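User: Hey, got a minute to walk me through this one? I'd like the overall picture before the details.
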Amino acid sequence: KARAGSSDLNHYFDRKLETLRTESREIVHRVQADRVLTEQEQARFYTDWTLSAVRLASGIEGLQDARALSEALGIPRPTAEKAIDFLLSVGLCKREGERIVPSVSHTHIPRNSPFVSNHHRNWRLKAIELFPKMDENDLCFTAPFTCSGKDLKKIRATLLDAIKAVSDTVKASDPDRLCFVNIDLADLFKK
């Protein structure tokens with residue numbers, strides 16, 4: 001940019017830099033989804049945590065049928081069976097012989113989806129439900145705080161980097177656990 005000879009060229013590079021900065025602040029540009037569900041599929045998939053949990057847990061050896069999934073997740077077997085039927089119908093899982101396995105590694109719900117609040121709420125409620133059982137292997141962190149607008153941007157960037165690192169680790173992992181992370185950073189003084 002320092003060598004740009006005209007104000008038009010300077011303006012062009014300023015716009016390009018701002019576009020890159022904006023994209024870097026979006027999670028969708030840091031965590032790639034294999035499949036984005038249609039709005040109708042989202043309406044069903046994000047009704048409660050069990051559909052996502054069944055899809056993910058089916059990627060763990062030994063949890064690839066309704067009986068094993070219902071026992072591991074603590075849900076009724078008919079709930080696991082209905083979840084499997086739905087996941088097969090929308091292509092999020094597939095059959096390999098008698099086993100059910102995920103057919104996609106990652107889904108992502110856009111932040112402008114009318115169902116995104118359901119997705120966040122489902123997993124936060126699950127965390128609250130699990131809280132009494134949490135041990136030293138689990139992590140809970142809630143920290144209301146004050147800071148400058150400049151530092152808020154730095155904190156957000158740090159969390160986005162952490163989300164990308166978690167996503168990269170998960171992609172390379174050979175799973176034997178079903179886990180979830182809930183991260184919220186909110187400015188109560190929105191302008």
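Analyst: Sure. This is a predicted model, and of the 191 residues of the chain, 27% count as buried.

User: OK, and how many helices and strands are there in the chain?
Analyst: The chain has 7 helices and 2 strands. Going from the N terminus, the order is α-α-α-α-α-β-β-α-α.

User: What about contacts, how far apart in sequence are the partners?
Analyst: Taking contacts between residues at least 6 apart in sequence, 63% of them join residues at least 24 apart.

User: Now the largest nonpolar core. Which residues touch the most other members?
Analyst: That would be Phe 45, Val 54, Leu 73, Leu 87 and Leu 92, out of 29 residues in that core. At least two core residues come from each of helix 3 (49-57), helix 4 (66-73), helix 5 (77-89) and helix 6 (116-130).

User: Pick Leu 87. What is it in contact with, leaving aside neighbours within four places in sequence?
Analyst: With those neighbours set aside, Leu 87 contacts Phe 45, Leu 51, Val 54, Arg 55, Leu 92 and Cys 93. Phe 45, Val 54 and Leu 92 are also among the core residues that touch the most other members.

User: Let's do helix packing. At what angle do helix 3 and helix 5 cross?
Analyst: Roughly 75 degrees, with the axes coming within 9 Å. That falls in the 65 to 115 window, so helix 3 is roughly perpendicular to helix 5.

User: Which residues make that contact between helix 3 and helix 5?
Analyst: Helix 3 brings Thr 50, Leu 51, Val 54 and Arg 55, while helix 5 brings Thr 79, Ala 83, Ile 84, Phe 86 and Leu 87. By class, the contact of helix 3 with helix 5 has 6 nonpolar, 2 polar and 1 charged residues.

User: And helix 3 with helix 6, what's the crossing there?
Analyst: Those axes also come within 9 Å, and they cross at roughly 80 degrees. Helix 3 is therefore roughly perpendicular to helix 6. On the helix 3 side, the contact uses Trp 49, Ser 52 and Ala 53; on the helix 6 side, Asn 122, Trp 123 and Lys 126. The split for this contact is 3 nonpolar, 2 polar and 1 charged.

User: Which residues of helix 6 are buried?
Analyst: Val 116, Asn 122, Trp 123, Arg 124, Lys 126 and Ala 127. The buried residues of helix 6 pack against helix 3.

User: How does the length of helix 6 compare with what it should span?
Analyst: It agrees: 15 residues at 1.5 Å a residue should span 21 Å, and the end C-alpha atoms are 22 Å apart.

User: Back to Lys 126. Why does that one count as buried?
Analyst: Its relative accessible area is 9%, and the cut-off for buried is under 20%. Lys 126 sits in helix 6 and touches Trp 49 and Phe 180, not counting residues up to four places away in sequence.

User: Switching to Ser 58, where is that?
Analyst: Ser 58 is in the loop between helix 3 and helix 4.

User: Is Ser 58 buried or exposed?
Analyst: Buried, because the relative accessibility of Ser 58 is 0%.

User: What is around Ser 58 in terms of contact?
Analyst: Leaving aside neighbours within four places in sequence, Ser 58 contacts Leu 63, Gln 64, Leu 69, Cys 93, Ile 100, Val 101 and Pro 102. Cys 93 came up earlier too, as a contact of Leu 87.

Technical notes
Residues are numbered from 1 along each chain as its sequence is written. This is a predicted model: local features need pLDDT of at least 70, side-chain atom pairs count only at pLDDT 80 or more; totals for chains, interfaces and linings use all residues. Side-chain values use heavy atoms; hydrogens and water are left out. A nonpolar core is a set of buried Ala, Val, Leu, Ile, Met, Phe, Trp, Tyr and Cys residues joined through side-chain atoms within 4.5 Å. Buried means under 20% relative accessible area, exposed over 50%, partly exposed in between (1.4 Å probe, protein chains only). Helices (H or I, at least four residues) and strands (E, at least two) are DSSP runs, numbered from the N terminus. Contact means heavy atoms within 4.5 Å. Axes are lines fitted to C-alpha atoms, for helices over the stretch in contact, and angles run from 0 to 180 degrees between N-to-C directions. Angles under 35 degrees count as roughly parallel, over 145 as roughly antiparallel, 65 to 115 as roughly perpendicular and the rest as oblique. Ala, Val, Leu, Ile, Met, Phe, Trp, Tyr, Cys and Pro count as nonpolar, Asp, Glu, Lys and Arg as charged, and the others, Gly among them, as polar. The expected span of a helix is 1.5 Å times one less than its number of residues.
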